[in-house]
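Reader: I am new to this structure and would be grateful for a close look at a single part of the subject, the contacts between side chains. Please take me through them in one connected account.

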Amino acid sequence: MPKNCNQVVQVIHNSVRGRARFRVKGLTQSKGLKTYLQHQLSAKKEINSFSVSTLTGNVLVFYDKDYSATIIASSVEELILSYNVEDEHIELDIPKLNIKSKHQPKKICKNNPLTSLKEQAINPWHTLDIDTISDMLETSKESGLAEAKACTYLNTYGPNLLPDTKKRSALAIFLGQFNSLPVYLLGVAATVSLFTGGLLDAIVIGSVVLINSVIGYVTESQAEKTINSLKTMVRPLARVLRNGNLIDCSSESVVPGDLLVLRPGSFVAADARITDSNYLSVDESALTGESLPVSKRNRVINDIDIAVADRTNMVYMGTMVTGGQGLAIVVATGRYTEIGQIQALVGQADTPQTPLERQLNIVGNQLVLISSAICTLVFGIGYLRGYGLLEMFKMALSLAVAAVPEGLPAVATTTLAIGINKLKAQKILIRRLDAVEVLGSCQTICFDKTGTITYNKMTVVAAFTGKTRINLSENKEALRSNINEDNELRLLLDVCALCNETTVTMQDDEYITFGSPTESALVQIGLSLGLDVLSTRQNYPIIKINHRTEERNYMSTIHPCSDTHKWQQVDKAPANGANKLAAIKGSPLEVLAMCSFAIHNGRLEVLDDDFRHIIEDENERMAAKALRVLGVSYCYVNDGEDNLPENPTNIVWLGLIGMIDPIRKGMKDLVSSFHKAGIETVMITGDQSLTAYAIGKELNLSAGKQIEILDSRHLKNLDAEVLKTLCAQIHVFSRVSPAHKYEIVKALQSTGKVVAMTGDGINDGPALKAADIGVTIGQGGTDLAREVADVILEDDDLSTMLDAISNGRTIYSNIRKSIRFLLATNMSEIVVMFTTLTGGLGHPLNTMQLLWINLVSDIFPGLALSLEPPERDVLSRPPRNPQEQILKPTDMKKLVIESSVISAGAISAYGYGLLNYGASPQANTLAFLSLTFAQLIHTFSCRSETLSIYDKEKLARNKYLDTAMAGSFLLQFACLFVPALRRLLGITPINFKDYLVIAGSSVLPFLINEKIKKIGDSKL
């Protein structure tokens, strides 16, 4: 550890492995340093959690046990030193920007909630020049707001927060349970009973309504809590300039006039006018729906009414910087931003129902109408046969109420909410309630490669310099001895270390790197071969970084260079002003196309066509081995130049360097499992075609067929219909941009498929959002990916996707089981009443008995069925068609047959009672108990649509169903032995022979229906 580490960071407790407490110099009472540390530490993968205290000046860190407390302390020290010293990289590649320090002023602005807030001015900011805007907001386009002015604005305009969407209150959720057609019927029945002297009937009906409402309220409340907890995210920090100082502050403290610093991967904290731009591009899809990143520049636009999507000199709150860098003056915050105004409109809109809930409501309403018509017919027949008008009215109304499965919406909501919580326990976060349902119908999964299929941990294994292949994974001792100051490999490795943003530190005689996997790997290979990377970087400090862009697939860095003998020059010499070294790395073919010379055997040669062909062939050979290949070169640029010339003639080719990102363990088996589940797999990657092809073949993405690959260069001029046809056949898409990923997902959807997209990077954002299901990883993924994804895999284990899909399919299947049970049993009540009244046999069930059946045999068994465990073959079935109705014509045929069989058993028992006891309470008791027990036993038949008791294979135990059935049977027996319940229901004690009749008429329909289950749909 550096000598000064003890002065800045002291380890005060590290006896527990993976946990350490540090004392940080200058942290006491410094809220700015605290904010900075919280922002920086949260980005470090080796740190799991931390706590920063300005009261004690201590930092408590929980870190990966693969690291030591010394390494973590050194990492913290590096952050502290960076906070207090000038960082040349902060210049954002904009020469005129002069940032003095990263130190945050200690004065902290706080908004006074008692101050009446002032309306922000709404102006056509895109039509105004920068000087005018600076004057209006009393800010500086170079140094930003004064701190005192920022505090004033915060108190004047309030915090930079979006208006909250209006949430349903607990009372609104509860009252919403009464807003359905079935409940209206129950209300009418209770009212009629109350005004006709049936107080007890009214109380029981009211109890049914209340029980259903409480169940619905509890499930909906829990569902909303679950979803709202997923919506809660940590507000990102904003980087702004104040008084010329670069500070990290919470986004809510950004005010009009602040000067935003825009960098790749950062969220735009507020609406702002661009002042400086260097290849700046912003993803505005969240606001405008445009899939392509928009290039931004400082240029006045005179058209006042131009669309938001075309205001290229503005950036907007909630969008994401995808490339380049820039500065922008904030002109609107909070509810005055474009997205804030949209949010206000969102708050006025009601949350739509899920597709499944809409289908269930349609089914429920249709059944209300059908059963009402049948019950009206029953009323008419009973009245014509001489029964009392009021008696038949109450009977018909009770039958209508009992026939309607008012528990369907509660079953759907409960099942989806429990499904979300179950997946959450498996470290799978679901953002939307209906996403669980859509998972079950997923037909195609598109994989991003880097970080999703692979670990995103690169290792350099090969190089090609001059015309020689070099294996960098073996014989490193021999390589160390052969590397000299100016041979091609040494120059190539030096350029890889210079054209690089990875941080390198020495800790306990060991080099530690912090940066992207690719760039860290390029530094590590130099270190492993004995190169002094730290000295090289000190001798050639970075003056300027030119990042990759959509149009330029390579990176370059500019360095001062006095060591001219090391780098062979072309045309220019330092004496002529070319005293800056440009280090270049990127797409091999793009870098090669710029080069005119190459180093071969230590000498500078003209790069002729033969030499180019050799390099191109080697690039293809390395890519075919699934290596990620970069081209490396360098040149000199004139003093005063910070970019490569538009048509360079002096760029020198150094060679190719190949690295590999290992495929995640178990990924091949996972792809095979997806295929067994009937799900097609597609890989979408920015890698070269040969690399992508090699990985696609290794994973068997084509499921044994000939693997088809398409390079994105062929997508540019394709007609939409042609792309649609192609996408149905392609297994691998290579060299794709974010826009291409979006187009591919949309094309797959246009073929009618339900598409899931997995990705973890900023460039995956548009595709994740466009997909039916966007899936990202929770630890290694970017903020943007997590923001737009529907499913977040907290432990970065893609295999849990199978659990999510299994759960989605199971939920849909279980809801179908509940519907089947509720409709079959409720229809049986109508059939019994209609048949007996039509046949002149009287009415076997009274109003209270119908309500009791509805209460005992519907609610709890129906809910328990919705919690069935997955069937063994759930991932062996093809995904369902999302356009398919939840109740198909064949389902209705089965329901009619099942309900008829159950009804036949109850009518037989009633007939037996009539023959032995006449039209008496004994006969009604037989019908009532027979029908109720038959319905309860039918629950077991509804557990599977294919397996029956006659099959050897048995279903897994459902403990919820066991509990529900035990409770329902106990309640049913209670009505026989509890005098008060007997009087309430109008039943009488029965003898042993009657018990046998009830047992037979209850069990026999179950056995018959189980036998019928084996008959195919085509035979029904």
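**Side-chain contacts**

Author: Across the whole structure, which is a predicted model, a search finds 23 salt bridges. A suitable place to begin is the pair formed by Arg 242 and Asp 258, whose closest N and O atoms are 2.8 Å apart. This salt bridge links distant parts of the chain, with the two positions 16 residues apart in the numbering. Arg 242 belongs to strand S5, which covers residues 237-242, whereas Asp 258 is found in the loop between strand S6 (245-250) and strand S7 (259-262). Both partners, Arg 242 and Asp 258, are buried.

A second salt bridge joins the side chains of Lys 753 and Glu 680, at 2.6 Å from N to O. Here too the pair links distant parts of the chain, and the two residues are 73 residues apart. Lys 753 sits in the loop between helix H25 (738-750) and strand S28 (755-758), and Glu 680 is part of strand S25, residues 680-684. Lys 753 has a relative accessible area of 17% and is therefore buried, because buried means under 20%. Glu 680, at 38% relative accessibility, counts as partly exposed.

A third salt bridge is formed by Arg 877 and Asp 873, with 2.8 Å between the closest N and O atoms. Arg 877 is partly exposed, with a relative accessible area of 28%, and Asp 873 is likewise counted as partly exposed, at 36%. These two residues belong to one network, in which salt bridges that share partners join Lys 817, Glu 871, Asp 873 and Arg 877.

The account now turns to the aromatic rings. A search of the whole structure finds 6 aromatic pairs. One of them is the pair of Trp 567 and Tyr 634, which is edge-to-face, with 5.0 Å from centre to centre and 65° between the planes. Trp 567 lies in the loop between strand S19 (554-560) and strand S20 (580-586), and Tyr 634 lies in strand S23 (residues 628-637), so the pair ties together parts that are 67 residues apart in sequence. Trp 567 has a relative accessibility of 0% and counts as buried. Tyr 634 is buried as well, with a relative accessible area of 1%.

Another aromatic pair, that of Phe 933 and Phe 969, is stacked, with 5.5 Å between the centres and 20° between the planes. This pair links distant parts of the chain that are 36 residues apart. Phe 933 is in helix H32, residues 921-941, and Phe 969 is in helix H33, residues 959-977. At 8% relative accessibility, Phe 933 counts as buried, whereas Phe 969, at 23%, counts as partly exposed.

Trp 567 and Tyr 634 also appear in a wider arrangement, since ring pairs link Tyr 540, Trp 567 and Tyr 634 into a cluster.

There remain contacts between a charge and a ring. Lys 467 lies over the face of Phe 611, at 4.8 Å from the ring centre. In a further contact of this kind, the charged end of Lys 1011 sits over the ring of Tyr 950, 4.8 Å from its centre.

Technical notes
Residues numbered from 1 in each chain as written. Predicted model: local features only at pLDDT ≥ 70, side-chain atom pairs only at ≥ 80, totals over all residues. Heavy atoms only, no water. Salt bridge = Lys/Arg side-chain N within 4 Å of Asp/Glu carboxyl O. Helix = DSSP H or I, 4+ residues; strand = E, 2+ residues; numbered from the N terminus. Buried < 20%, exposed > 50% of the residue type's maximum accessible area, 1.4 Å probe, protein only. Phe/Tyr/Trp six-rings, centres within 6.5 Å; stacked < 30°, edge-to-face > 60°. Lys NZ or Arg CZ within 6 Å of the ring centre and 35° of its normal.
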